[in-house]
Amino acid sequence: MRKRDKNKEFAVIAYFFIGIFLAMIAYFSYFQVARSEQFINNPYNSRLDSFAKRIIRGDIVADDGTLLATTKTDNEGNETRVYPKGRTYAHVVGYADNGKAGLESSYNFELLRSHSFILERVVNEIEGQKNQGDTLVTTLRDDLQQAAYEALGDRKGAVVVLEPDTGKILAMVSKPDFDPNTIVTNWDAILANDDQNSVLLNRASQGLYPPGSTFKLVTALEYIREHSKDYKTYSYDCTGSITADNYTLHCFGNSVHGEVDLKKSVAKSCNSSFANVGLSLDLKKYANTCEDLLFNKSLPTGFASSKSRFSLQPGASDSEVMATAIGQGDTLVSPLHMALIVSAIQNDGVLMNPYLVQRIENSDGSEVERYEPSAYGRLMTEKEAKILRGMMKAVVTDGTASALSSGNYTAAGKTGSAEYSTTKGESHAWFTGYANAKGYSPIAIAVVVEGAGNGGTVSVPIAKSVFDTYFK
């Protein structure tokens, strides 16, 4: 073999190993810079235990500074995690003993870091004293959290409130709840009853429910997309029920709505009309629209949330289509997801990424990091959102949510009664919608009350309590 050929082979081999070396450097740099905090914050990472030996766990506060979680240290140096608001923030703030949940889990790393003045940290290290961890300043509003918590009362369910134009989550309530101050002593009792009550489950973001008539907003959107030029001409004569494929579906309470267009079908929540709409839809396009609205996808959150489900496919029976079109069938959705959908409707079709922490401060109150609003993307066109807003306003002015009529704000939304037991006829009570007024940022809400029946009589008053508090 000629010397030139040998040199060429050596060069190829050398470049190959240099390429591997550079790729490894890039790989490790990526994890060191881009993914390091994610891996450090993993609950299985033992490094966090060493952080806790040097740092007093930081505080968690509401947007106005109301203390939600703090660490108390006694004269012997024993630390106790304390939650001044107790049950009110149980699921969203979470707990830090017997494992971790809520913000205590998703921001575990940030709470165990200290950005106090460097000289102070050095002196504490020398003297063997712990440094104070950083503070999470959340987006949560104490007045709205309290209003939602009290309005839900002793019933099982959830409330989510957020700003459509920023994605800030203003309130998140789930019941039944627990006292995070006694989580250790009551742990066994909580687990013993958890099969029946799922006390530790954050129903607001992780609970999955049939959406009932709130899903008619999705069905209406698909009809509008398939009939963009003539959706206003839709007409149906409701006699109180509809039959197809030997399956009869009734309107709620066997109401007879008479001649209805699409807007009135939404306002009156006419099951028969929407079953008729469903039978006319292209099921493949219907599924695509649901995908557009994040069904069967992970929600864009930095905290634990469940994936909503939509399974209707081409070839489904008429009975399956009819049930799905009114929010029954196999469709499941979380309250957070419904709040995100109506947020996008209110925000001209654009969904903002939901978030719970707006900034991190050190022990002196100086800002360490700030989280800015960011757009997830467009879920629907501006025109489609405007049409749906008109229909949702009719639900308040001429429909099932008339109790939300107010001189202080303009509300819009959709009620729902989602059956979960066909034998007993039991149903969850839903409301999802938004409200706005001059001088205020708009807010969106989703409310579900388990086994409570009619959304208009049960969930709407809860939403009203939150709206009244916000627009006071």
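**Group meeting: aromatic pairs and the largest pocket**

Hi everyone, let me start with two rings: phenylalanine 215 and phenylalanine 310 are both buried. Do keep in mind that this is a predicted model.

How do we describe such a pair? We use the distance between the ring centres and the angle between the planes. For phenylalanine 215 and phenylalanine 310, the centres are 6.0 Å apart and the planes sit at 20 degrees, so this pair is stacked. The two rings link distant parts of the chain, 95 residues apart. Phenylalanine 215 belongs to the loop between helix H10 (194-197) and helix H11 (216-226), while phenylalanine 310 belongs to the loop between helix H14 (283-292) and helix H15 (318-325).

Phenylalanine 310 also pairs with tyrosine 286, and that pair is edge-to-face, with 5.3 Å from centre to centre and 65 degrees between the planes. Tyrosine 286 is in helix H14 and phenylalanine 310 in the loop between H14 and H15, so the pair ties together parts 24 residues apart in sequence. Tyrosine 286 is buried, as is phenylalanine 310.

Across the whole structure, the search finds 14 aromatic pairs. There is also one aromatic cluster made of Tyr409, Tyr440, Phe467, Tyr470 and Phe471. And for those who like charges over rings, lysine 175 lies over the face of tyrosine 149, 3.6 Å from the ring centre.

Now, on to the largest pocket, which holds about 690 Å³ of space. Its lining has 30 residues, and His250, Phe252, Asn271, Ser417 and Glu419 lie nearest the centre. What kinds of residues make up that lining? They divide into 21 polar, 7 nonpolar and 2 charged. Strand E17 gives the largest share, 6 residues.

Note on methods:
Residues numbered from 1 in each chain as written. Predicted model: local features only at pLDDT ≥ 70, side-chain atom pairs only at ≥ 80, totals over all residues. Heavy atoms only, no water. 1 Å grid on protein atoms, 1.4 Å probe; cavity = no way out; pocket = protein on both sides within 12 Å on 5 of 7 lines; lining within 4 Å. Points joined across faces, edges and corners; volume = space filled by probe spheres on them. Helix = DSSP H or I, 4+ residues; strand = E, 2+ residues; numbered from the N terminus. Nonpolar A, V, L, I, M, F, W, Y, C, P; charged D, E, K, R; others polar. Phe/Tyr/Trp six-rings, centres within 6.5 Å; stacked < 30°, edge-to-face > 60°. Buried < 20%, exposed > 50% of the residue type's maximum accessible area, 1.4 Å probe, protein only. Lys NZ or Arg CZ within 6 Å of the ring centre and 35° of its normal.
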